[in-house]
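Hi everyone, thanks for making time for this. I'd like to walk you through one model this morning, so please have a look at it first.

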Amino acid sequence: MLQEPPALPDGDAVSVGTEEFEEVEGVKLIPADPELPARTIFRVHFENPIIKPEQVGQAEQMNPLVFEPPLEGEFIWDSTRSGAFIPDSGFALDARITVSLSGVIAKQTGLQFRRQYHTPPMQVEAKRLESINSGRPFSAAMAFNVAMDAAKVETFVEFRAENGE
């Protein structure tokens, strides 16, 4: 079950809950959907330049995003105003993640925001089977974003054809 998000401090921070994902003027954070898929890349775009042109594309430059709980990954600036954070691994299930601007960026730009995301209790990345036109038994592989015990999962998985049968 999802927990309630922590209370936000008073001040200029903009609270963006799961029902309303308003944009904060001067900065845009993607994804816009509060529910995170297993493999998400966070993109941020600022209205004004944040870094010097020679820092674009360089690893280990300043990450403008702060994650709570902390996420391991890499931020790469693809322009002086935008970049992407690529997490090292998938997210824990049934968890909340808060994203905000780093203190350095908030101080430099005067912008502040705090956005809440959540992960579903279970998530599957399925591959589409193109053709199963034989009478032979078949198997399908499913990739989960956490370790699973196949024997325990079997009672929760149901296979259906596109026609619903």
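I'll start with the overall layout and then go through the core, the aromatic rings, a pocket and a few single residues.

First, the ground rules. This is a predicted model, where local features need pLDDT of at least 70, side-chain atom pairs count only at pLDDT 80 or more, and totals for chains, interfaces and linings use all residues. Residues are numbered from 1 along each chain as its sequence is written, and side-chain values use heavy atoms, with hydrogens and water left out.

Now the layout. The protein chain has two helices and 10 strands; helices (H or I, at least four residues) and strands (E, at least two) are DSSP runs, numbered from the N terminus. Reading from the N terminus, the order is β-β-β-β-β-β-β-α-β-β-β-α. Of the 165 residues in the protein chain, 28% are buried, where buried means under 20% relative accessible area, exposed over 50% and partly exposed in between, with a 1.4 Å probe and protein chains only. Looking at contacts with a separation of 6 or more in the protein chain, 58% come from residues 24 or more positions apart; contact here means heavy atoms within 4.5 Å.

On to the core. Which residues have the most contacts inside the largest nonpolar core? They are F42, F46, L65 and V99, in a core of 22 residues. Strands β2 (27-30), β3 (42-46), β4 (65-68), β5 (73-77) and β7 (96-101) each supply at least two residues of this core. By nonpolar core I mean a set of buried Ala, Val, Leu, Ile, Met, Phe, Trp, Tyr and Cys residues joined through side-chain atoms within 4.5 Å. As background, nonpolar side chains tend to be buried together in soluble globular proteins.

Let's turn to the rings. Searching the whole structure gives six aromatic pairs. Rings of Phe, Tyr and Trp (its six-membered ring) pair if their centres lie within 6.5 Å, and planes under 30 degrees apart count as stacked, over 60 as edge-to-face and the rest as tilted. Take F42 and F91: the ring centres are 6.2 Å apart and the planes are at 75°, so this pair is edge-to-face. F42 sits in strand β3 and F91 in the loop between β6 (82-87) and β7, so the pair ties together parts that are 49 residues apart in sequence. Both F42 and F91 are buried.

F67 and F85 make a tilted pair, with 4.5 Å centre to centre and 35° between the planes. Here strand β4 holds F67 and strand β6 holds F85, so the pair ties together parts that are 18 residues apart in sequence. F67 and F85 are both buried as well. These four rings, together with Y117, form one aromatic cluster: F42, F67, F85, F91 and Y117.

F91 comes up again in the second largest pocket, whose lining includes P69, E72, F91 and R96. The lining counts seven nonpolar, two polar and three charged residues.

Now some single residues, beginning with T40, which is in the loop between β2 and β3. T40 is buried, with a relative accessible area of 7%. Leaving aside neighbours within four places in sequence, T40 is in contact with P31, P87 and F91. The C-alpha atoms of T40 and I30 are separated by 9.5 Å, and the two residues are 10 apart along the chain.

P31 lies in that loop between β2 and β3 too, and the peptide bond from I30 to P31 is cis, with omega near 20°. A cis peptide bond also joins E68 and P69, with omega about 0°, and P69 lies in the loop between β4 and β5. For context, most peptide bonds are trans.

Finally, two serines. Is S100 buried or exposed? S100, in strand β7, is buried, with a relative accessible area of 19%. Not counting residues up to four places away in sequence, S100 touches P64, L65, V66, F113 and R114. S79 lies in the loop between β5 and β6 and is partly exposed, at 24% relative accessible area. Beyond neighbours within four places in sequence, S79 is in contact with I51 and V56.Before I stop, let me pin down the pocket terms. On a 1 Å grid over the protein atoms alone, a pocket is an open set of points where a 1.4 Å probe fits, with protein on both sides within 12 Å along at least five of seven lines, and lining residues have an atom within 4 Å of a point. For the lining classes, Ala, Val, Leu, Ile, Met, Phe, Trp, Tyr, Cys and Pro count as nonpolar, Asp, Glu, Lys and Arg as charged, and the others, Gly among them, as polar. Thanks for listening!
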